[in-house]
Every structure is written in C-alpha cells, then in structure tokens.
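Reader: Could you take me through how the parts of this protein fit together?

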Amino acid sequence: MNKDKTLRKDIRKDFPILSKKILKTKDLVYFDTAASAQKPQVVIDELNQFYKSHYSNVSRGVHTLSVESTLRYEEARKKVQNFINAKSENEIIFTKSATESINLVAQTFYDKYMSAGDEIILSLMEHHSNLIPWYFLRDKYGVIIKFANITESGEIDVNHFESLITPKTKIAALTHLSNVYGSKIDEKVSSICKKNNVAILLDGCQSAAHLRIDVQKLECDFFVFSGHKTYGPSGIGVLYGKEDLLNEMPPYQGGGGMIGEVTTDKVSYAELPAKYEAGTPPIAEAHGLGIAIDYMNNAGIENIINHEEELTKYAYEKISELDFVKIYGDGDNRNSIISFNIENIHSHEVSSFLDVEGIAVRAGHHCCQPLMKHLGVNSTSRLSFGMYNTIEEVDIFINALIKCKDFFIK
Ligand SMILES: Cc1ncc(COP(=O)(O)O)c(C=O)c1O
C-alpha cells in the first residue's frame, strides 16, 4: 500500500480508457466520475479471468467451479465489510444497484415497522433513487413524507431536520454526500435520529469512493452504494444494514437461494445474508467490486481523499474567479463535486461545447428535480473527480469554460 499520503504519480496509466482521444484529436478529460467511475486495468483483467477460469453459479453446487465462484463471491462480501467497517459480513447484502438497495429497505422496513400515518424524513437534495421508493410507500400505504430544508451553503438544515421529528417518525433517508453540491451530511443528524429512536439510511453513492466510510462511526442503520461508482463494474450494489434490523425485517424478493425449507404450503427463510439475495446474484460483478476495493486500498484511501480534496479546492477557487459562472453551494465541506451554470447558456450547450474540447461533464437535473426547483433552475453542469484526475486537467477545463463563454456570449 502507498502510505506516503500522495497517490502514485503514474496512477492514470492504470485506467486504459483515459488514453482515448475524443473526436480523434482531444485528450479525454473525464470529469464525470459521480455518474460512473472508470475502471482500472486490474478490474477489467480480473473480470475476464473470472469468466475464463472460475465462473459458475454460486452456493448451490459442490463441483470445483461452483466452489471457486462461491469463494470469490463471499470474499467480496468480506472485502466490502472491511471497506465500510461493518461488524459482520451478515450485514452486507449484494443487490444490483444502490437503487435496488433503497427499494429493498423502503419495502421491508415498512412491512416490519410502519403503518399508515407514520412519517419518513427525506431532504430536498435527494437523488430520485432516494425519493421514489419512499413515494411508493406514500402512494400505496399513506405514510407521510417530510422534507428537510437545505441551507444556502448546500447542506441539510439540521435544526429544521430536528424540528420535523415527531413520535410518528420512523426513518430518515438522506444523502451522505450530495451528488449536486458535493456537500457531506452533518454527523449531528445521525445522533439526532438515534436520540429520537428514528432509523437512518445514508445514501453513500457519492461518498463510498471519496471518503473513509465507517458505518459504526456514522451510526447509521442502513448504508447503500453502487459498485460502478467505486471503480468496479455496474450491476452490483451494496446494502449494509444492522444485523438485528435485517433479521427482523421480512425478505424482499422470493426465489432460489433465500429459503431454508419449502413445502407445498409453507416456506422458511435462509439466514443472513442469503435471506435478501433471491435468485442468481451478480456473481462476477461482486468479485469485480472486491477487486476494485483492493485497488482503492492499495492506492490508499487517505491518499485518494487528499488528492481529491486538493483538486476540488483548486477547481472551486479557479471557477470562483470566473464572474460569468454561478457555483451552487459553498466551498467548504465540499468533496469531489462542483455544480455550476453559466448565465444565459443552457447546461446542455455547455457540456456539448466541453465535449468538443475532450472534457466529459454531466448536464441536466442529476436526478434531483426537487433540488433543481429549490435552486430555481432546470439543470446545471457538474464536474466530478476521481483519483485519476489532475490539476492540469482542471486548467484545461477552466480555459475551455472561458472559450465556451466567448463562443456563446459575444
Ligand atoms: C446520490 C445518489 N444516489 C443514488 C444514485 C443511484 O445509483 P444507481 O443508479 O447506481 O443505483 C446515484 C447515482 O447517480 C446518486 O448519485
């Protein structure tokens, strides 16, 4: 492991896609890691090797390949457990995405602990993946959803959040790191939940690859993230849940793998974690995620964090110098994500212009329409960093932004 607090200088070489030329001429500047991270060669190679040499279905066979696959699948679970410091590997459920993980919690938590008239707290800056599963409960069962306000600086208003809690509040589901502002949640929110006996789900999609995650310190009941945003493959998601809750909640989907015994008139369920993993799981994808976690650990989580903090600070300062750009949220408490607009130029035009310069940024509502409404815009452009980005790329971006403004606004 690289422990000197800086990333290996040649880290970019691990990501083959970064040598791609955009429109045959421009070096790729990939500033869209928040949507999906690029994959290091070792993840690509290991997936290939897995399918070539070890692939089979898991948990159901005694033949060599089934054992080899199962071993890797369960090893991946152990790696995720260590990565987020869960107490037990039984607390790690593999799903197909963070979205599926949140749907799982919403439905099974409701079934066990809620009824009509109970309350859920979300915030105005949640991704649609952390809104719609809860809206389903409102529409189907009549639960009440309350929204915590957002401060000017782009954080949850903790006092307002606390004021929303009543004896009917059962769960709060909040983003750990906003995919629009890049702001981290205030740790006080978890303690407030704990004090009031409210469960808390943290959506870690944007934090898992960019912060040190310790679910025990975070005092959360549930934590979700997606493999594809953590340098692993798509098609794999993680649900962390406290073991007692996962034991008490009912299963999510029914099928093979999640049963104890089935007769014609009844079924008993498997122990954790199999209870929540009905059907053939994302086997190679879980293995790929495990390899991605090894890769991040070898690069050094603290090194990644330091590097991205430096990039974010530099980019924020440089963009702030451009008087034609509006940045959403403050510079402090911001990690790896900056959303902005250029006055009178639609974000899609900005991102198309930047694409011609070889720069990939995302434009749109970022699956946060309530937040866009709150900000009074339809969309923003967003740059987001991964461990492979550089200060030089930020400079290229700044020059391209100036060029973009000059092109559209004479
Ligand atoms: C904050 C946040 N939550 C949830 C999601 C959904 O992740 P996935 O599409 O991988 O399920 C995303 C993806 O962009 C996200 O940024």
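Author: The following exchange concerns the domains and the interface between them. This is a predicted model, in which local features need pLDDT of at least 70 and side-chain atom pairs count only at pLDDT 80 or more, while totals for chains, interfaces and linings use all residues. Residues are numbered from 1 along each chain as its sequence is written, and side-chain values use heavy atoms, with hydrogens and water left out.

Reader: Which domains does the assignment give?

Author: Domain 1 covers 11-30 + 300-408, and domain 2 covers 45-297; such bounds come from an automatic or database domain assignment. Their centres, taken over C-alpha atoms, are 28 Å apart.

Reader: How many residues are in contact?

Author: In domain 1, 34 residues are in contact (heavy atoms within 4.5 Å) with 30 residues of domain 2.

Reader: And what area do they bury?

Author: The two domains bury about 2,600 Å² between them, with 56% of it on carbon and sulfur atoms. Buried area is the accessible area (1.4 Å probe) that two parts lose on being put together, summed over both.

Reader: Which residues form the salt bridge?

Author: Arg-212 pairs with Glu-302, their closest N and O atoms lying 2.9 Å apart. A salt bridge requires a side-chain nitrogen of Lys or Arg within 4 Å of a carboxyl oxygen of Asp or Glu. The count between the domains is one salt bridge.
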